[in-house]
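New to this one? Here's a quick briefing to read alongside the sequence and the 3D view.

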Amino acid sequence: MIDAVRLQTEDFSLDAEVATLRAGSKRIGGISTFLGCARDFSGEREVHEIAFDAYHGMALAELTRIRDEAIARFSLIDARIVHRLGTVRAGENIVLIVVGAEHRAPAFDACRWLIDELKARAPIWKKEVSPQGESWVTPHP
């Protein structure tokens, strides 16, 4: 079985992550997902790719803590977090959050809470590459 929390350079499959979550319990009545994709712009600048870097051990530990907190806080049955590292081109996947709960409301609430906490707490940094040069991006919601 693939770990529920991962940092990886390769792309991921939304379908595979949802299938893995669903296979874990027949009590799941609501599944919510957040799929973050790389845009081809930032503010007024064209962006060709984004380079993601992380303090791997610390980031993985923090993402695991965030997942555990969400499961307890929203009474989730399961949650999965996958974030890419390395170079991601415009239009490609960056991050996926998949949550399963008995009902839709906690699944929706947890999914939003998870991505907000990830952005605020995980030591993952991004550098945008544009025709004007490279620029590290400060965190924002």
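What follows is a short tour of a sheet, the helices beside it and a patch on the surface. Keep in mind that this is a predicted model. At its heart for our purposes is an open sheet of four strands, ordered 1-6-8-2, with mixed pairing.

**The sheet**
- Strand 1 (5-8) and strand 2 (30-37) sit at the edges; each has a single partner strand, so one side of each has no neighbour in the sheet.
- On average, neighbouring strands here are turned by 5° against each other, direction ignored.
- Strand 6 (residues 78-84) and strand 8 (residues 93-101) pair up antiparallel, over six bridges.
- If you want a spot to look at in that pairing, find alanine 79, which stands opposite valine 99 in strand 8.

**The helices beside it**
- Helix 1 (residues 14-23) packs on the sheet and touches strand 1, strand 2, strand 6 and strand 8.
- The direction of helix 1 makes about 20° with that of strand 8.
- Helix 2 (residues 56-74) lies across strand 1 and strand 6, and runs at about 150° to strand 1.

**The surface patch**
- Tyr55, Met58, Trp125 and Trp136 make up a nonpolar patch on the surface, and together they have about 490 Å² of accessible area.
- One of these residues, tryptophan 125, is found in strand 9 (residues 124-130).
- Is tryptophan 125 buried, partly exposed or exposed? Its relative accessibility is 42%, so it counts as partly exposed, a class that lies between the buried cut-off of under 20% and the exposed one of over 50%.

Technical notes. Residues numbered from 1 in each chain as written. Predicted model: local features only at pLDDT ≥ 70, side-chain atom pairs only at ≥ 80, totals over all residues. Heavy atoms only, no water. Pairing = 2+ DSSP bridges. Helix = DSSP H or I, 4+ residues; strand = E, 2+ residues; numbered from the N terminus. Axes fitted to C-alpha atoms, helices over the stretch in contact; angles between N-to-C directions. Contact = heavy atoms within 4.5 Å. Patch = residues over 30% accessible without salt bridge, like charges linked within 9 Å, V, L, I, M, F, W, Y side chains within 5 Å. Areas by Shrake-Rupley, 256 points an atom, 1.4 Å probe, with all protein chains shown as cover. Salt bridge = Lys/Arg side-chain N within 4 Å of Asp/Glu carboxyl O. Buried < 20%, exposed > 50% of the residue type's maximum accessible area, 1.4 Å probe, protein only.
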